[in-house]
Amino acid sequence: MKATEIIMKNLLVILCAAAFLLALLASLSLGRYPIGLTDLARLVLPQLGLGGYVAPAPVEMQMVFWNIRVPRILMSIAVGSGISIAGVVFQALFRNPLAAPDILGVTAGSCFGAALSIMFFTRLALGVQGFAFIFGVFAVSIAYVIAARSWDRSASVLVITGIVVSAVFQAGLSILMYLADPYDQLTKIVFWIMGSFHVASWAKAQVTLPVVVIGSVLLGMFGWRLNIMTQSEEEALSMGVDVFRWRMFYVVISTLIVASSVAAVGAISWVGLIVPHIARYLAGTEHRRLIPAAAFVGGGFLLVMDTVARTVSASEIPISIITSLIGAPFLGYLVMRRRRNGCVDVG
Amino acid sequence: MSVEIAGLTAGYGDVPVLHDVSLEIRQGRICALIGHNGSGKTTLMRCINGLIKAWKGMIRVAGRDISLMRRNDMARLISLVPQGGHSPFQFSSLEIVLMGGASRVKPWASPCASERRLAMEVCREVGVEGLAATPFNNLSGGQKQLVMLARALFQNAPVMLLDEPNSHLDFSNQHRTMGLMRRFVKERGVTALISLHDPNLALSYADDAVMLRQGRVVAAGPAGEVMDDAHLREAIGSNLMLDRTLSGARVVVPRDVAVK
């Protein structure tokens with residue numbers, strides 16, 4: 001019984017890994033410039049010093065593959081993992097399986113910053129990415145500062161201030177969109193808000209990946225403590241965890257991950273909310289195991305979504321349209337099977 | 001390790017709940033905290049646990065002023081058994097118990113194999129080793145309370161606070177929990193403060209009793225001595241009296257029931 005159980009557990013891991021590899025191969029080869037499997041070998045093997053066995057690929061194909069497709073795929077995996085881990089962390093911190101990483105206003109702030117930059121500061125070196133990042137972090141900081149002024153230090157106050165800050169930045173964004181030139185700026189803003197990986201490049205990857213990867217590894221390392229953060233504040237405090245300080249730690253790192261992701265590729269809705277649920281179904285609630293599972297599932301999920309976004313129609317589909325179309329019905333499904341004890345948890 | 005409280009005044013916002021409370025909870029004894037809802041039992045526990053700050057007065061645990069201690073150090077001195085318990089996520093009971101060891105685990109680490117063995121041992125002592133793999137939220141109220149007790153024992157602090165540990169339990173589980181507590185207090189030399197609604201549990205299991213009324217101490221001392229008719233009436237209800245069962249045990253009963 002035990003042995004078969006272990007095999008079944010490993011079988012799940014093997015199946016997931018196989019699915020991921022398959023998705024990776026499909027994503028590498030599909031696109032407006034199709035690259036067959038033999039071509040893939042001709043592209044990759046020379047880089048590994050095994051070029052003697054195959055004829056090198058045409059230069060044009062090398063350009064498309066190495067400068068456009070690979071950075072894009074790397075970004076989609078990293079951003080998917082990072083946002084999903086941030087989702088796991090936020091759901092734990094706010095003790096609510098329906099929390100998403102943007103509840104403290106990071107996405108609203110980033111969108112406002114991006115629009116501001118698109119309209120007024122197009123010439124600045126910092127660019128849209130820098131503005132979006134700074135305003136995303138700034139929005140969460142305001143939410144934190146307002147919450148710190150309340151006598152009530154519970155997480156629910158932070159949720160309220162997050163809603164307040166989100167609403168203000170959304171209003172600001174609406175003002176900007178109202179003022180924007182509809183033929184040029186408005187289109188840019190709208191497309192940016194809906195997110196897309198077509199803007200991915202090595203330059204962006206160099207800025208984004210370190211933050212996302214280091215942040216994710218840190219959150220994974222400090223994962224066990226998140227178990228305790230899901231207990232009531234009084235319980236966590238009496239077990240020796242300074243809830244308020246640690247909440248700040250987790251929020252800061254998650255916010256940096258989400259802000260740098262959103263700044264690079266625009267808002268990506270729903271991934272941070274639904275991936276943690278799928279990961280919990282696969283790996284259980286213990287955060288030491290859950291965080292790697294969420295990283296894996298999130299990376300694979302966004303990889304597939306982005307491949308769909310760039311192959312399904314002649315023009316690029318914004319990624320949030322696809323993630324919402326899949327994510328929102330999935331949440332509805334979760335609500336329907338929500339258990340009586342209040343857990344959406346299926347694990 | 002005793003708990004000494006001197007001239008404690010505390011409350012919420014600007015409403016005081018405790019007024020000038022002074023008492024000593026002695027090592028190796030169970031002290032029952034008795035009083036109405038709103039008499040300040042939970043507030044007193046929160047003060048001892050450093051969850052709310054004292055406005056005036058001083059609380060010392062093992063001779064150390066708790067207002068100067070860090071949370072991690074405090075968790076090594078004081079553990080809490082909360083009421084009921086509900087987890088928003090499905091953890092196994094063993095994971096819930098393991099959380100009690102947080103003060104011994106580095107923030108970036110997770111419990112090592114010896115911690116897990118120790119946690120299982122504590123589960124065995126409390127009699128929940130069979131539930132270790134069961135999801136915590138699927139347990140009955142009595143089982144949850146035992147797991148919470150196991151977690152506090154696993155924390156291994158010399159002072160234990162139990163906030164109405166019996167409020168969700170049936171009759172036999174109430175006696176089971178109290179019996180277990182009595183055993184641990186005597187075996188391990190733990191100091192336990194237990195708030196109770198039922199004065200009969202205090203009479204049967206507690207060494208000492210502290211009776212609160214509107215945030216003031218009405219009486220404190222050995223349970224058998226201070227829980228007399230006058231103090232019971234003052235702290236819990238005017239219609240109560242002490243009676244004896246046929247075998248000689250003392251019980252608190254409503255006056256009209258006893259006289260009938």
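Let's start at a small landmark in chain A: right after helix α11(A) comes G266(A), a residue whose phi is positive, near 90 degrees. Before following that helix back into the structure, keep in mind that this is a predicted model. The predictor gives the complex an ipTM of 0.93 and a pTM of 0.91. For chain B, the mean pLDDT is 91, and 99% of the residues reach 70 or more.

Now back to α11(A) itself. This helix has 23 residues, and from its first C-alpha to its last it reaches 33 Å, close to the 33 Å expected at 1.5 Å a residue. Since 17 of those 23 residues are buried, α11(A) is largely enclosed by the rest of the structure.

One of the helices that α11 of chain A helps to cover is α4(A). Helix α4 takes up residues 106–120 of chain A, and its 15 residues should span 21 Å at 1.5 Å a residue; the end C-alpha atoms are 21 Å apart, so the two agree. It's mostly covered too, with 12 of its 15 residues buried. The run from V106(A) through T107(A), A108(A), G109(A), S110(A), C111(A), F112(A), G113(A) and A114(A) to A115(A) is on the buried list, along with S117(A) and I118(A). What sits over them? The cover includes α5 (127–148), α6 (155–179) and α7 (185–194) of chain A, as well as α11 (243–265).

While we're in chain A, have a look at R225(A), which you'll find in helix α9 (residues 224–229). Is this arginine buried or exposed? It has 24 C-beta neighbours inside 10 Å, and 20 or more is what it takes, so R225(A) counts as buried. Setting aside its neighbours within four places in sequence, R225(A) is in contact with V241(A) and W246(A), and also with P107(B) from the other chain. R72(A), by contrast, is 153 residues away along the chain, and its C-alpha atom is separated from that of R225(A) by 33 Å.

That contact with P107(B) takes us across to chain B. How many residues of the two chains are in contact? On the chain B side there are 27, and they touch 26 residues of chain A. The elements of chain B that give two or more residues to this side are α2 (71–77) and β6. The largest share, 4 residues, comes from α2(B).

Next, the overall build of chain B. Its secondary structure comes to 10 helices and 12 strands. A compact globule with 260 residues would have a radius of gyration near 18 Å, and chain B has 19 Å, which agrees. Along the principal axes, the C-alpha atoms fill a box of roughly 60 × 45 × 35 Å. Of the 260 residues, 45% count as buried. Sequence-distant parts meet a good deal here: among contacts with a separation of 6 or more, 64% are between residues 24 or more positions apart.

Some of those strands in chain B make an open sheet of 6, in the order β6-β7-β8-β3-β9-β10, with mixed pairing. At the edges are β6 (78–81) and β10 (216–222), each pairing on one side only. From one strand to the next, the twist averages 15 degrees. So β6(B) has two roles: it is an edge strand of this sheet, and it also gives residues to the side of chain B that touches chain A.

Further into the sheet, β7 (residues 159–162) and β8 (residues 191–196) of chain B pair in the parallel sense over 4 bridges. V159(B), for instance, has T191(B) as its bridge partner in β8(B). Helix α5 (residues 141–155) of chain B packs on the sheet, touching β6 and β7, and its direction makes about 175 degrees with that of β6(B). Helix α1 (residues 41–48) of chain B lies across β3 (30–34), β6, β7, β8 and β9 (208–213), running at about 155 degrees to β8(B).

Chain B also has an open sheet of 4 strands, in the order β2-β1-β4-β5, and here the pairing is antiparallel. Its edge strands are β2 (15–25) and β5 (64–65), which each pair on one side only. Strand β4 (residues 56–61) is joined to β5(B) by 2 bridges, and R60(B) has D65(B) as its bridge partner in β5(B).

Notes. Residues are numbered from 1 along each chain as its sequence is written. Chains are lettered from A and ligands numbered from 1 in the order in which they are written. This is a predicted model: local features need pLDDT of at least 70, side-chain atom pairs count only at pLDDT 80 or more; totals for chains, interfaces and linings use all residues. pLDDT is the predictor's confidence in each residue, from 0 to 100. The expected span of a helix is 1.5 Å times one less than its number of residues. Two residues are in contact if their C-beta atoms, placed from the backbone, lie within 7 Å. The radius of gyration is taken over C-alpha atoms; the globule rule is 2.2 Å times the number of residues to the power 0.38. Two strands pair if DSSP finds at least two bridges between them. Axes are lines fitted to C-alpha atoms, for helices over the stretch in contact, and angles run from 0 to 180 degrees between N-to-C directions.
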